[in-house]
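Trainee: I'd like to go through this one with you and learn how to back up the words we use for it. Can you put the model up?

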Amino acid sequence: MLNFAAALPGAVVTVAGAEKPPLIPYIPELIFGFVMVGIVYVVVSRKVVPNIERAYEERRAAIEGGMQQAEEAQAAAAAALQSYEAQLADARAEANAIREQAREEGASIIADMRNQANAEASRITESAKRQIEAERQQAVVQLRQEVGAMSTALASKIVGESLEDEVRQKGIVDRFLAELESGAVTPEKVGSQPGEATGADL
Amino acid sequence: MILAYAPQAASLPMVSGDEFVPPGPEIFYLPLIGEGEWAITEQMVWGGVSVVIICTALLMLTRNLSIVPSKSQFLLEGFYNFTRNGIARDMIGSKDFLRFVPLLFSLFTLILLNNWYGVLPPVMNPTYGRIGFAIAATVVVYVVYHWIGFKRYGFTGYFGHMIPEGLPGFIKPVIFPLELITYFITRPLTLALRLFGNMFAGHILIVLFVSAGAYFLTQDVVFKLLAVPTFLMAAIMWLFEALIQALQAYVFTLLSASYIAGALAEEH
């Protein structure tokens, strides 16, 4: 408001006619109004708007470039994913095949082993049987000899002389035992122990 | 109030003795340098200052624009986009609007700052309260929209373009003079007078309340008390005017864009 007061003397000393009704334009102001619009327009249209629009254009290009990059990256990622999935499927199939093969191999190994074990077992059984048979034979032979010796000894004690040479010569004991086995001679009960021994074991 | 002109009352509102002289149109005539028909007025000086401020600020702000905006660039872009997208593109359409953005942006910044002079110390006087400035801005718009209209449709074609399409033949002779008046008289007249009248009346209102308050202070106690609501009213008008001034800058630019769009439009 103060500037009105400052300008007051100017207004008061105005030459009549310079101050016009408010709707009549004051010519210097009209001209200067054009000048103001013109200067601002020149600056804005030459510098300001081109600068801003260029920045907008650059931004748009940058965003579009960024979007293109992102799309490319996405496509690459998709391709990688696809190849990984394919690899994974391959690996899975391979694993299945290996597992199947392993199962088959395992089964055949187990079958082999079983056969082998069976064979081994039967072989062991066989040899054991043979050994037992041999031992039994041996035991029979030995027993026979011992029984013969004992019975000879017993008989010698009973008869009072050695029958050994004679026994050996004539095979009396063998014959006796053969008769016992064939059932031609019924063992008589002399004592509990000899009777049991002869009857049970032979 | 605009037409109530009294050449003999060539004095500013002031407290002169016991008599209160309300502010009149004469408060707008403020010759600063020289006198008479070619005196340089205060409004011209401040208008020149506004041009310097606007050009300097815009050149500095747009010198180093980057893709990722700084805070000041962000604000500048918001301000620029208000005219570019909010006014030019919406009114003219995305095909042609870009070549009118410099003009509309220039008008908007210039009118906005000069209108806000009305509430900004130390100026406190809206430049466009002088009708010469308003006429100048309007003539620029007037020439531009007729020029592009003639250029696009040819001399006779432009006149034909003024008649809205789809009208029955017998109405056209009636509508044509009306449209002619609208295009050549009503539009420029209202554009200039709206801007000028709002600034003029708003400034007078503020001056009235302030000078009345100042006058009350010189009177009795009762009147001194009255000065309080009067100054309060001046403050309210000050805020109100700040709004009106921005709004008028917007309206002027919006209507300019609308007239340009009308001259360019394929059909109404």
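Trainee: What share of the contacts in chain B with a separation of 6 or more comes from residues 24 or more positions apart?

Mentor: That share is 64%. Bear in mind that this is a predicted model.

Trainee: How do you know how far to trust chain B, then, going by pLDDT?

Mentor: On the predictor's 0 to 100 confidence scale, chain B averages 87, and 92% of its residues score at least 70. Broken down by element, helix 3 of chain B has the highest mean, 96, and strand 1 (residues 15–16) of chain B the lowest, 47. Over residues 1–16 of chain B, pLDDT stays under 50, although the model has 34 contacts beyond four places in sequence for them. For the complex, the predictor gives an ipTM of 0.88 and a pTM of 0.67.

Trainee: What are the two chains made of, in helices and strands?

Mentor: Chain B has seven helices and four strands, and from the N terminus on they run β-β-β-β-α-α-α-α-α-α-α. Chain A has five helices and zero strands. Of the 268 residues in chain B, 41% count as buried; for the 202 residues of chain A, the figure is 8%.

Trainee: Gly33(A) sits in helix 2 of chain A. Why is Gly33(A) called buried?

Mentor: Count the other C-beta atoms within 10 Å: Gly33(A) has 30. The cut-off for buried is 20 or more, so Gly33(A) is buried.

Trainee: Which residues does Gly33(A) touch, leaving out those up to four places away in sequence?

Mentor: Those are Gly132(B), Phe133(B), Ile135(B), Ala136(B) and Ala137(B). Taking the two chains as wholes, 54 residues of chain B are in contact with 41 residues of chain A. Helix 1 of chain B gives the largest share of chain B's side, nine residues. That side has 39 nonpolar, nine polar and six charged residues.

Trainee: Phe82(B), in helix 2 of chain B, is a Phe. Why is Phe82(B) called partly exposed?

Mentor: Same count again. Phe82(B) has 15 other C-beta atoms within 10 Å. Buried takes 20 or more and exposed means 12 or fewer, so with 15 Phe82(B) falls in between and is partly exposed.

Trainee: How far is the C-alpha atom of Phe82(B) from that of Phe105(B)?

Mentor: They are separated by 9.1 Å, and the two residues are 23 apart along the chain.

Trainee: What makes a set of residues a nonpolar core, and how many residues does the largest one have?

Mentor: The members must be buried nonpolar residues joined through C-beta atoms within 7 Å. The largest such core has 72 residues, and those with the most contacts inside it include Ala88(B), Phe100(B), Leu104(B) and Ala134(B). Helix 2 (27–159) of chain A is among the elements that supply at least two residues, while helix 6 of chain B gives the most, 15. As a general point, nonpolar side chains in soluble globular proteins tend to be buried together.

Trainee: Which residues is Ala134(B) in contact with, beyond four places in sequence?

Mentor: Tyr128(B), Ala192(B), Leu195(B) and Phe196(B). Ala134(B) also takes part in the contact of helix 4 of chain B with helix 6 of chain B. The axes of those helices come within 9 Å and cross at roughly 145°, and the crossing is right-handed. By class, the contact has ten nonpolar, one polar and no charged residues.

Trainee: What makes the peptide bond between Pro121(B) and Pro122(B) worth a look?

Mentor: It is cis, with omega about 5°. In general, most peptide bonds are trans. Pro122(B) is found in the loop between helix 3 and helix 4 of chain B, and Met124(B) has its place in that loop too.

Trainee: What is the sign of phi at Met124(B), positive or negative?

Mentor: Positive: phi of Met124(B) is near 50°. Most residues other than glycine have a negative phi.

Trainee: And why is Met124(B) called partly exposed?

Mentor: Met124(B) has 19 other C-beta atoms within 10 Å. Buried needs 20 or more and exposed 12 or fewer, so Met124(B) is partly exposed.

Methods:
Residues are numbered from 1 along each chain as its sequence is written. Chains are lettered from A and ligands numbered from 1 in the order in which they are written. This is a predicted model: local features need pLDDT of at least 70, side-chain atom pairs count only at pLDDT 80 or more; totals for chains, interfaces and linings use all residues. Two residues are in contact if their C-beta atoms, placed from the backbone, lie within 7 Å. Ala, Val, Leu, Ile, Met, Phe, Trp, Tyr, Cys and Pro count as nonpolar, Asp, Glu, Lys and Arg as charged, and the others, Gly among them, as polar. Axes are lines fitted to C-alpha atoms, for helices over the stretch in contact, and angles run from 0 to 180 degrees between N-to-C directions. A crossing is left-handed if the near helix is turned anticlockwise from the far one by less than a right angle, and right-handed if clockwise.
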